[in-house]
Amino acid sequence: MTIGLVSLITTTSAVGVGLIPLVAIGLSLYRYDKMDPESPPENIREIKRMYDFIVVGGGSAGAVIASRLSEVSNWSILLIEAGDNENEISDIPIFAGYGQLSELDWKYQTMPSMTSSYCLAMVGDRCNWPRGKVLGGSSVLNAMVYVRGNSRNPLIHPDIIPNYFAHKEDVDILIDGIQIAMAVSNTSAFRRFNSKPYSIKLPGCQRFPFATNEYWECAIRQFTFTMYHPVGTCKMGPRNDPTAVVDPKLRVYGVKGLRVADASIMPTIVNGNTNAPVIMIGEKASDIIKNDWRKIENFHGSTASDSQLRMKRADVDHPFLVRRVENTYCSRPPDIDL
């Protein structure tokens with residue numbers, strides 16, 4: 001009995017000693033996660049009554065803006081993101097497709113077309129429209145590809161009507177591209193590998209002879225999908241442009257205290273991927289906001305308290321907390337147009 005007890009104590013002690021390195025490793029990882037500059041930010045449970053700036057959406061541009069504005073030590077910034085942090089899978093570019101239709105995706109879909117035919121091979125004639133619902137936005141879903149609104153409830157999916165092929169020219173250009181690809185596949189460089197087109201007809205297009213223009217138009221309208229670069233829904237332009245939503249400082253026309261900084265402000269789509277330009281838009285927006293408010297702070301100098309300047313920022317660049325301008329700010333320097 002005594003021998004058994006000693007054996008049990010010895011075994012227990014050995015197990016306990018064996019756990020010490022594991023506990024130490026766990027504590028080290030915990031401390032590293034807290035100190036790692038790339039570790040995800042912690043969610044706050046209690047917010048302040050007032051912030052100098054609120055950034056809605058932590059995507060490619062929003063995350064940049066929040067980071068750059070927070071470089072000014074006496075400014076308070078609130079970044080609001082509906083999604084969660086990235087996960088281990090989303091950090092691996094080859095697995096980017098697995099993020100679509102997951103909790104990292106808003107899971108938007110296009111509306112069935114009433115004027116032109118597209119997405120006909122998809123369920124309900126609706127194409128998926130992946131958009132990132134995660135800190136990092138759609139950059140989390142794009143496999144790290146990088147080449148140098150209104151007041152509705154944001155949780156309600158918008159009606160997405162891409163108007164694919166509304167103009168016959170759009171279809172003709174795609175058919176021209178297909179014909180070029182077919183010609184390339186018939187070159188000797190390809191034929192020596194016994195390369196040949198996949199000639200089994202798509203469902204819904206069997207009535208057309210394969211490889212004719214009519215067949216390719218049918219195939220295009222059946223098998224439609226986005227390349228994840230939607231832009232231009234809040235176009236930047238001069239005030240006399242009836243299609244413009246924001247001015248050159250990204251301020252929304254007719255709405256005080258609101259700016260838009262993302263791919264939607266592009267008047268036309270860029271030639272390459274949109275992620276890098278959107279990050280640039282965030283950088284530029286940060287510089288514009290900093291420059292505007294430093295002019296105001298320099299102009300008022302010591303005549304205004306920090307809290308008064310904060311109220312002024314809330315009035316001009318705060319979409320939710322709009323406050324009455326105090327008499328101190330009734331006059332503005334002539335070169336500052338907020």
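**Note on the predicted model: disulfides, a surface patch and two loop contacts**

1. Tyr228 touches Gln100, Pro130, Arg131 and Thr274, leaving aside residues up to four places away in sequence. The model is a predicted one. Tyr228 sits in the loop between H5 and helix H6 (275–300). With a relative accessible area of 36%, Tyr228 is partly exposed, because that class covers values between 20% and 50%. The C-alpha atoms of Tyr228 and Asn273 are separated by 8.9 Å, although the two residues are 45 residues apart along the chain.

2. On the overall make-up: the protein has seven helices and four strands. Read from the N terminus on, its elements run α-β-α-β-β-β-α-α-α-α-α. The protein has 338 residues, of which 32% count as buried. Its accessible surface comes to about 21,900 Å², and carbon and sulfur atoms account for 59% of that area.

3. How many disulfides does the structure hold? There are two disulfides. Counting bonded cysteines along the chain, their pattern is 1-2, 3-4. One disulfide joins Cys119 to Cys127, and the other is formed by Cys205 and Cys218.

4. In the disulfide of Cys119 and Cys127, the S to S distance is 2.0 Å. The torsion about this S-S bond is about -115°, so the disulfide is left-handed. Cys119 has 0% relative accessibility and therefore counts as buried. Cys127, at 4% relative accessibility, also counts as buried.

5. The sulfur atoms of Cys205 and Cys218 are 2.1 Å apart. The link of Cys205 and Cys218 is left-handed, with -90° about the S-S bond. This pair links distant parts of the chain: Cys205 is in the loop between helix H4 (188–191) and helix H5 (213–222), while Cys218 is in helix H5, 13 residues apart. Are these cysteines buried or exposed? Cys205 is buried, because its relative accessible area is 0%. Cys218 is buried as well, with a relative accessible area of 11%, which is under the 20% cut-off.

6. Which residues does Gln222 touch, not counting residues up to four places away in sequence? The contacts are Cys119, Leu120, Ala121, Met122, Pro203, Gly204 and Cys205. Among them are Cys119, a partner in the disulfide with Cys127, and Cys205, which is bonded to Cys218. Gln222 thus touches a cysteine of each disulfide. Gln222 itself lies in helix H5, the helix that also holds Cys218. The relative accessible area of Gln222 is 12%, so this residue counts as buried.

7. A further cysteine, Cys234, may be noted alongside the bonded ones. Cys234 has 5% relative accessibility and so counts as buried.

8. On the surface, Ile89, Ile92, Ile94, Phe95 and Tyr98 form a nonpolar patch. Together these residues have about 540 Å² of accessible area. Phe95, one of the patch residues, is found in the loop between strand E2 (77–80) and strand E3 (108–109). Its relative accessible area is 33%, so Phe95 is classed as partly exposed. That value also meets the patch criterion, because residues in a patch must have over 30% relative accessible area.

Conventions
Residues numbered from 1 in each chain as written. Predicted model: local features only at pLDDT ≥ 70, side-chain atom pairs only at ≥ 80, totals over all residues. Heavy atoms only, no water. Disulfide = S-S within 2.5 Å. Buried < 20%, exposed > 50% of the residue type's maximum accessible area, 1.4 Å probe, protein only. Patch = residues over 30% accessible without salt bridge, like charges linked within 9 Å, V, L, I, M, F, W, Y side chains within 5 Å. Areas by Shrake-Rupley, 256 points an atom, 1.4 Å probe, with all protein chains shown as cover. Salt bridge = Lys/Arg side-chain N within 4 Å of Asp/Glu carboxyl O. Contact = heavy atoms within 4.5 Å.
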